[in-house]
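Good morning, and thank you for the time. I would like to take you through the pockets of one protein, and after that through its aromatic rings.

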Amino acid sequence: ELGKPDLVIIPGTKNTCADLRFLRESGWVGALKSARRNKVPVFGICGGYQMLGARVADPTGVEGRKGAVDGLGFLPVSTILEKEKELAQVSGITEAGCPFAEAGIPFAGYEIHAGLTRLTGRTGQPLRILRRRSQTRNDPDGAVSADGLAFGCYVHGLFDNDKLRTQLVKWLCGRKGISHRGKVSARRQPADDLDRLADILEEYVDMKRVAGWIATP
């Protein structure tokens with residue numbers, strides 16, 4: 001099912017340990033490890049970042065079941081889930097160790113996670129948080145493997161930045177030996193998404209029947 005992707009992104013999750021168990025039971029851990037051996041970049045965001053590490057522990061049952069689960073082992077980090085949740089708007093820049101972008105590219109996003117992730121071995125930290133909430137910071141953040149093909153961080157919305165997203169696509173194109181043309185266009189506006197959703201509903205749903213359910217004054 002995984003095929004031959006140019007990039008795998010493991011997204012956030014409401015239950016890291018349970019989803020890790022699912023990945024293992026469904027055979028996805030084997031597929032992801034095979035992709036990693038074949039030099040496919042694997043990125044993890046938030047809960048996905050936690051999964052890329054060696055271990056995720058939930059000693060107090062924050063997500064339900066107490067215990068610990070082995071991670072994918074792609075990054076030398078380990079996570080302990082904690083009751084207090086981190087909720088913060090953040091901004092910063094990429095560091096020289098960021099595999100897909102030059103240093104100094106600005107980004108902004110947000111963090112929403114339960115857990116503290118610590119480095120357990122030598123690894124580059126590809127991001128630097130310069131502002132968290134309303135406070136000035138200077139914190140190295142995230143982790144990247146020695147070969148630059150496993151990357152993780154807690155920042156949601158990292159690729160909303162046009163320049164950073166363009167550099168990611170350029171990096172992927174370079175790995176395939178194909179040319180890259182210009183920048184990657186900005187995301188559609190919310191109104192565009194709503195129009196697209198309305199078009200899909202009109203195409204696949206009996207709107208006359210729906211209209212008949214709506215009470216008229």
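A pocket, as I use the word here, is an open set of grid points with protein on both sides within 12 Å along at least five of seven lines, and a lining residue has an atom within 4 Å of such a point. Please keep in mind that the model is predicted.

Let me begin with the pockets. Rolling a probe the size of a water molecule over the atoms shows where empty space is left. In this model, the largest pocket has a volume of about 410 Å³. Its lining is made of 19 residues, and those closest to the centre are His 113, Gly 115, Leu 116, Thr 117 and Tyr 154. Three elements give two or more residues to this lining: β5, residues 77-94, β6, residues 106-119, and β8, residues 135-141. Which of the elements gives the most to the lining of the largest pocket? The answer is β6, with seven residues. Sorted by class, the lining of the largest pocket holds nine charged residues, five polar and five nonpolar.

The second largest pocket encloses about 250 Å³ of space. Here 15 residues form the lining, and Thr 13, Lys 14, Lys 85, His 113 and Ala 114 lie nearest the centre. At least two lining residues come from each of α3, residues 47-52, β5 and β6. In the second largest pocket, too, β6 gives the most, with three residues. The classes in this lining are seven polar, five nonpolar and three charged residues. You will have noticed His 113 by the centre of the largest pocket and again by the centre of the second largest.

I turn now to the aromatic rings. A pair of aromatic rings is described by the distance of the centres and the angle of the planes. The count in this model is seven aromatic pairs. One of them joins Phe 43 and Trp 171, with 6.1 Å from centre to centre and 20 degrees between the planes, and this pair is stacked. The two residues belong to distant parts of the chain: Phe 43 is in strand β2, residues 42-45, and Trp 171 is in helix α4, residues 162-176, 128 residues apart. Are these two rings buried or exposed? Phe 43 is buried, with a relative accessible area of 1%. Trp 171 has 18% relative accessibility and counts as buried because the cut-off is under 20%.

The next pair is Tyr 49 with Tyr 154. Their ring centres are 5.2 Å apart and their planes stand at 75 degrees, so this pair is edge-to-face. Because Tyr 49 lies in helix α3 and Tyr 154 in the loop between β10, residues 150-153, and α4, the pair ties together parts 105 residues apart in sequence. Both Tyr 49 and Tyr 154 are buried. Tyr 154 is also among the residues closest to the centre of the largest pocket.

Ring pairs further link Phe 43, Phe 100, Phe 151, Phe 159 and Trp 171 into a cluster. Trp 171 has a charged partner as well: Arg 175 lies over the face of its ring, at 5.7 Å from the ring centre. In a similar arrangement, Arg 36 lies over the face of Phe 74, at 5.9 Å from the ring centre.

Finally, a residue from another part of the chain. Lys 208 lies in helix α6, residues 207-213, and is exposed, with a relative accessible area of 75%. Its C-alpha atom is separated by 42 Å from that of Arg 165, 43 residues apart along the chain.

Notes:
Residues are numbered from 1 along each chain as its sequence is written. This is a predicted model: local features need pLDDT of at least 70, side-chain atom pairs count only at pLDDT 80 or more; totals for chains, interfaces and linings use all residues. Side-chain values use heavy atoms; hydrogens and water are left out. On a 1 Å grid over the protein atoms alone, a cavity is a set of points where a 1.4 Å probe fits but cannot get out, and a pocket is an open set with protein on both sides within 12 Å along at least five of seven lines; lining residues have an atom within 4 Å of a point. Grid points are joined across faces, edges and corners, and a volume is the space filled by probe spheres set on the points. Helices (H or I, at least four residues) and strands (E, at least two) are DSSP runs, numbered from the N terminus. Ala, Val, Leu, Ile, Met, Phe, Trp, Tyr, Cys and Pro count as nonpolar, Asp, Glu, Lys and Arg as charged, and the others, Gly among them, as polar. Rings of Phe, Tyr and Trp (its six-membered ring) pair if their centres lie within 6.5 Å; planes under 30 degrees apart count as stacked, over 60 as edge-to-face and the rest as tilted. Buried means under 20% relative accessible area, exposed over 50%, partly exposed in between (1.4 Å probe, protein chains only). A charge sits over a ring if NZ of Lys or CZ of Arg is within 6 Å of the ring centre and within 35 degrees of the ring normal.
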